[in-house]
Amino acid sequence: MKLLITGMAGFIGHAVAKRLSGSGHRIVGVDNLNDYYDIALKQARLDDLAACEDVRFLKIDLADRAEVAALFEQERFDRVIHLAAQPGVRYSIDNPHAYVDANLVGHLNVLEGCRHGKVEHLVYASSSSVYGANDKVPFATDDDVDHPISLYAATKKANELMAHTYSHLYDLPTTGLRFFTVYGPWGRPDMALFKFTRAVLEGRPMDVYNHGDMSRDFTYIDDIVEGVVRVLDVVPTPRGSTEVTTDTASAPYALYNIGCGSPVSLMDFVRAIEKAVGREAICHYKDMQPGDVPRTWADTEALYQATGYRPQMPVEEGVKRFVDWYRRFYAV
Ligand SMILES: NC(=O)c1ccc[n+]([C@@H]2O[C@H](COP(=O)([O-])OP(=O)(O)OC[C@H]3O[C@@H](n4cnc5c(N)ncnc54)[C@H](O)[C@@H]3O)[C@@H](O)[C@H]2O)c1
């Protein structure tokens, strides 16, 4: 098959491309290499893929309608894994337009490309942030998610709604994946594990929000990749009803959580970093950041039913693997 991976220079896109390389597909990866974080890290991920003969990279901005239309017209993809987005909750407070361009306009352009290119399955990234400050745990895909508390979350929920519309109107099979705090080697410099590891290694203080009283369903990168790859082969079909009463009744549309299913408190996460680095953290306790959520916890039953897979990496081992990678990569 010919596959498109968007956001291939990103944390998850790079890992998905690496995993799919060698499996008999022709892969085209796109990314606009924006400077939201260190471009050298994005370039290093692409360099890491350079030896993969079945992977091609094109620098494309998904917000550019004509460019995306031409890409789909020329390449004729069978399946699409759409991971490019403007991520981050805190950044959306000061940079709202970046989210509209990448996550709304970019997503629409991908949907249009899939519709006109008759793509047989679009798998796209949503986020656990759509659950906002929900109290009911674990978070399940049929919970109410109409009260996002950041613009990032609102755009991710909008992505699901837009995908449903295309599934319903044009019979485009779409699967949304709500990722839960992904971590591991080649991770993102704006996320806690990267920032904390750097601070502990350098003996600098680090900001711990909500005075450490938070928990996250941390999910190791290889578990996310396994979920994405398995879901790619589970092409949704309409459930045989024409009533537009539920998400899945009328359209080839599916939505899954991909999380570990076992929340870890932020301070236990910090302890795992201290253990892996071999040095104590200097914590500066701060108030909750606007837009942040106190906890996340994935109900992974639907993913398991569909794919036979549940994420499984224990956080201590996953953190150790990240710290080992960080030390090798930055030679520290
Ligand atoms: N990492 C997580 O914990 C997490 C959690 C929930 C959801 N997600 C979602 O998963 C996806 C991948 O996240 P990630 O952690 O790999 O982030 P990332 O920032 O490392 O990767 C995203 C990539 O998309 C590219 N990109 C952004 N806007 C683009 C545009 N307009 N055109 C082309 N490329 C563009 C960026 O340059 C980047 O390389 C995103 O959709 C994100 O919202 C991630």
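I looked up the ligand first and found 28 residues around it, the closest being Gly-7, Gly-10, Phe-11, Ala-85 and Ala-125, where a residue is near a molecule if its C-beta atom, placed from the backbone, lies within 6 Å of it. I noted that this is a predicted model, in which local features need pLDDT of at least 70, side-chain atom pairs count only at pLDDT 80 or more, and totals for chains, interfaces and linings use all residues. Residues are numbered from 1 along each chain as its sequence is written.

I then asked which element gives the most to the shell around the ligand. Helix H1 does, with three residues, and helix H1 (11-20), strand E2 (26-31), helix H5 (96-116) and E5 each supply at least two; helices (H or I, at least four residues) and strands (E, at least two) are DSSP runs, numbered from the N terminus.

Next I traced the open sheet, whose seven strands follow the order E3-E2-E1-E4-E5-E6-E11 with parallel pairing, two strands being paired if DSSP finds at least two bridges between them. Strands E3 (55-59) and E11 (253-258) are the edges, since each pairs on one side only. Six bridges join E6 (residues 174-179) to E11, and I found Arg-178 opposite Asn-257 in E11.

Last, I followed Ile-273, which touches Phe-196, Thr-197, Val-200, Ala-281, Val-319 and Val-323, leaving aside residues up to four places away in sequence; contact here requires C-beta atoms, placed from the backbone, within 7 Å of each other.

Methods. Two residues are in contact if their C-beta atoms, placed from the backbone, lie within 7 Å.
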